Amino acid sequence: PAPHTTLREIPRMSDRAYVLINVHPGQTADVVKALGDIKEIKQIDPCWGKPDIFTIVEIPHQDALTQLVLAKIHAIPGVDQTDTHMVYRLQEDKPK
């Protein structure tokens with residue numbers, strides 16, 4: 001991965017979500033560092049523009065995602081706002 005990207009192995013037993021994070025000006029580096037301490041966050045990409053940071057998270061279920069975003073990510077100083085997108089799997093049509 002590029003030097004600005006933190007990438008960890010992503011096991012397939014969990015659900016995945018994208019959490020897009022806006023931060024207060026000048027706070028991106030500190031927020032990225034704090035995000036790196038959260039084990040559920042598997043990838044962290046600071047970007048130009050909005051949002052400031054894209055993350056990929058792995059969680060066992062939707063309630064864990066709620067706790068991750070509200071109790072851990074929003075608790076980080078400098079985090080202004082998040083936009084969360086849970087990934088779903090398409091079901092293949094069964095043969096008739």
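The following legends describe close-up views of a predicted protein model.

**View 1. Order of the helices and strands in the protein.** The protein contains two helices and five strands. Read from the N terminus, these elements follow the order β-β-α-β-β-α-β. Of the contacts between residues at least 6 apart in sequence, 71% join residues at least 24 apart.

**View 2. The surface of the protein.** The accessible surface is about 6,600 Å², and carbon and sulfur atoms account for 55% of this area. Of the 96 residues in the protein, 36% count as buried.

**View 3. The largest nonpolar core.** This core consists of 20 residues. Ile21, Leu35, Ile53, Leu65 and Ile73 are the residues with the most contacts inside the core. Two or more core residues come from each of strand S2 (15-23), helix H1 (28-35), S3, S4 and helix H2 (62-73). With five residues, H2 gives the most to this core. In soluble globular proteins, nonpolar side chains tend to be buried together.

**View 4. The surroundings of leucine 65.** Neighbours within four places in sequence are left aside in this view. Leucine 65 is then in contact with Ala17, Val19, Val57, Ile59, Thr84 and Met86. Leucine 65 is also among the residues with the most contacts inside the largest nonpolar core.

**View 5. The cis peptide bond before proline 51.** The bond from lysine 50 to proline 51 is cis, and its omega is near 0°. Most peptide bonds, by contrast, are trans. Proline 51 lies in the loop that runs between strand S3 (41-46) and strand S4 (53-59). Both S3 and S4 give two or more residues to the largest nonpolar core.

Definitions and conventions:
Residues numbered from 1 in each chain as written. Predicted model: local features only at pLDDT ≥ 70, side-chain atom pairs only at ≥ 80, totals over all residues. Heavy atoms only, no water. Helix = DSSP H or I, 4+ residues; strand = E, 2+ residues; numbered from the N terminus. Buried < 20%, exposed > 50% of the residue type's maximum accessible area, 1.4 Å probe, protein only. Contact = heavy atoms within 4.5 Å. Areas by Shrake-Rupley, 256 points an atom, 1.4 Å probe, with all protein chains shown as cover. Core = buried A, V, L, I, M, F, W, Y, C linked by side-chain atoms within 4.5 Å.
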